[in-house]
Amino acid sequence: MIKKIKEIQKEASGFQAVKLQDIEDFRIKYLGKNGLIPTLFGELKNLSKTEKKRFGGNINLLKSIVLDIIQKNKKELSEEEKKSEEMDFTLPGYSWELGARHPISKVKNKIVKIFERIGFLLCKGPEIEDDWHNFTALNFPEQHPAREMQDTFFIEKNTDILLRTHTSSVQIRYMKNNPPPIRIISNGRVYRNEVISSHSHCMFHQIEGLFVDKGVSFADLKQTIQYLKHSIFVNSKIRVRPSYFPFTAPSAEIDIQLSSNGPWLEVLGCGLVNPKVLKNVGIDPEVYSGFAFGIGIERIALLLYQINDIRLYFDNDLRFLPQFRSE
């Protein structure tokens with residue numbers, strides 16, 4: 001019987017009421033007419049006088065413990081109800097300061113959606129690259145200045161592992177593993193060893209586009225740039241200015257004029273994919289041609305939001321971000 005009393009005590013000790021009905025159910029289970037404790041008292045009649053005295057005391061102790069548990073739970077529930085009644089739900093609530101998506105993320109998402117509407121697939125690649133994907137496959141000569149330490153962050157000296165200087169490396173990786181037609185955009189952080197100032201930073205964000213298929217011409221590139229311009233800067237003009245990039249030929253810089261009397265501002269570089277680049281990834285330049293372009297997201301964001309210092313994007317100043325909540 002001692003074992004049975006201890007088991008009942010152990011079970012009762014773990015009780016915790018959530019509502020008053022739980023307490024009543026608990027009382028009936030242990031103290032009701034047919035409850036566990038009255039049943040134990042009923043079993044005493046079958047015991048000897050000595051055993052009755054011994055087990056009776058244990059049963060009385062168990063009853064006392066159960067009554068204490070009932071009183072404790074009643075008190076706790078009563079305090080919770082009192083606290084609830086004292087709370088004035090008509091009082092104004094606490095205000096929560098809402099966050100805001102970063103302007104770089106806003107512009108990136110906007111440009112990605114613009115190109116997804118015309119069938120471009122978003123692709124991503126590693127920020128730590130090797131020389132072949134970042135330079136050699138893109139037709140950078142061995143003595144090109146970009147390979148030197150003043151322009152590129154190399155992971156270790158005298159190695160070919162580096163922080164990518166553009167997202168063109170993603171295009172190389174995609175072309176190696178996917179046959180034409182190819183229509184992709186790649187975005188992400190890129191790194192260049194530049195002096196940090198109001199108009200330049202050692203880390204910035206790029207979106208690059210690539211279209212490879214049969215019969216792709218410079219006219220296709222220009223129409224795509226026009227589409228991008230109309231989607232972001234509606235009342236503006238663009239001009240195409242000849243330039244040079246190792247991975248495109250011919251190459252061009254795109255300038256934009258936001259107002260009739262405003263200055264021309266450079267916003268992106270582009271061109272037809274150099275046949276040597278196509279050969280490097282196993283695509284026949286006699287059959288396929290393509291165009292590529294690269295956009296600096298920070299530069300577009302500076303123009304859109306009329307911000308005059310690129311460092312504001314990375315200073316983590318909580319006074320800067322709230323102004324972008326309304327968008």
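These legends describe close-up views of a predicted model.

**View 1. Helices α1 and α2 pack side by side in opposite directions**. Helix α1 covers residues 2–13, and helix α2 covers residues 20–31. Their axes come within 12 Å and cross at roughly 175°. Angles over 145 degrees count as roughly antiparallel, so α1 is roughly antiparallel to α2. From α1, the contact uses Ile 8, Glu 11 and Ala 12. From α2, it uses Phe 26, Lys 29 and Tyr 30. Four of these contact residues are nonpolar, two are charged and none is polar.

**View 2. A salt bridge forms within helix α2**. The side chains of Arg 27 and Glu 24 meet at 2.9 Å, N to O. The two residues are three apart in the helix, which means about one helical turn separates them. Residues three or four places apart in an α-helix point the same way, because each turn takes 3.6 residues. Arg 27 is partly exposed, at 34% relative accessibility. Glu 24 is also partly exposed, at 32%.

**View 3. Seven strands make an open sheet**. The strand order is β1-β4-β5-β9-β8-β7-β6, and the pairing is mixed. Strands β1 (121–123) and β6 (237–245) are the edges, each pairing on one side only. From one strand to the next, the twist averages 25°. Strands of a sheet pair through backbone hydrogen bonds, either parallel or antiparallel. β6 and β7 (residues 248–257) pair in the antiparallel sense, over eight bridges. One bridge pairs Arg 241 with Glu 253 in β7. Two helices pack on this sheet. Helix α8 (residues 218–232) touches β6, β7, β8 and β9, and its direction makes about 30° with that of β9. Helix α10 (residues 297–305) touches β5, β7, β8 and β9, at about 55° to β9. A hairpin of two residues joins β6 to β7.

**View 4. Helix α10 is largely enclosed by the rest of the structure**. Seven of its nine residues are buried. Among them are Ile 297, Ile 300, Leu 302 and Leu 303. Glu 298 is buried too. What do the buried residues of α10 pack against? Their partners are α5, β5, α8, β7, β8 and β9. Gln 306 follows the helix, with a positive phi near 55°.

**View 5. Helix α5 crosses α10 roughly at a right angle**. The two helices pack at about 105°, with axes 9 Å apart. That angle makes α5 roughly perpendicular to α10. The α5 side of the contact includes Pro 103, Ile 104 and Val 107. The α10 side includes Ala 301, Leu 304 and Tyr 305. By class, the contact has eight nonpolar, three charged and no polar residues.

**View 6. A salt bridge links strands β6 and β7**. The side chains of Asp 255 and Arg 241 meet at 2.8 Å, N to O. Asp 255 lies in β7 and Arg 241 in β6, so the pair ties together parts 14 residues apart in sequence. Asp 255 is buried, with a relative accessible area of 2%. Arg 241 is partly exposed, at 31%. Shared partners join Arg 239, Arg 241, Asp 255, Glu 266 and Arg 299 into one salt-bridge network.

**View 7. A salt bridge joins distant parts of the chain**. The side chains of Glu 127 and Arg 189 meet at 3.0 Å, N to O. Glu 127 sits in the loop between β1 and β2, while Arg 189 sits in β4, 62 residues apart. Glu 127 is partly exposed, at 24%. Arg 189 is partly exposed, at 37%. The structure holds eleven salt bridges.

How values were computed
Residues numbered from 1 in each chain as written. Predicted model: local features only at pLDDT ≥ 70, side-chain atom pairs only at ≥ 80, totals over all residues. Heavy atoms only, no water. Axes fitted to C-alpha atoms, helices over the stretch in contact; angles between N-to-C directions. Helix = DSSP H or I, 4+ residues; strand = E, 2+ residues; numbered from the N terminus. Parallel < 35°, antiparallel > 145°, perpendicular 65-115°, else oblique. Contact = heavy atoms within 4.5 Å. Nonpolar A, V, L, I, M, F, W, Y, C, P; charged D, E, K, R; others polar. Pairing = 2+ DSSP bridges. Buried < 20%, exposed > 50% of the residue type's maximum accessible area, 1.4 Å probe, protein only. Salt bridge = Lys/Arg side-chain N within 4 Å of Asp/Glu carboxyl O.
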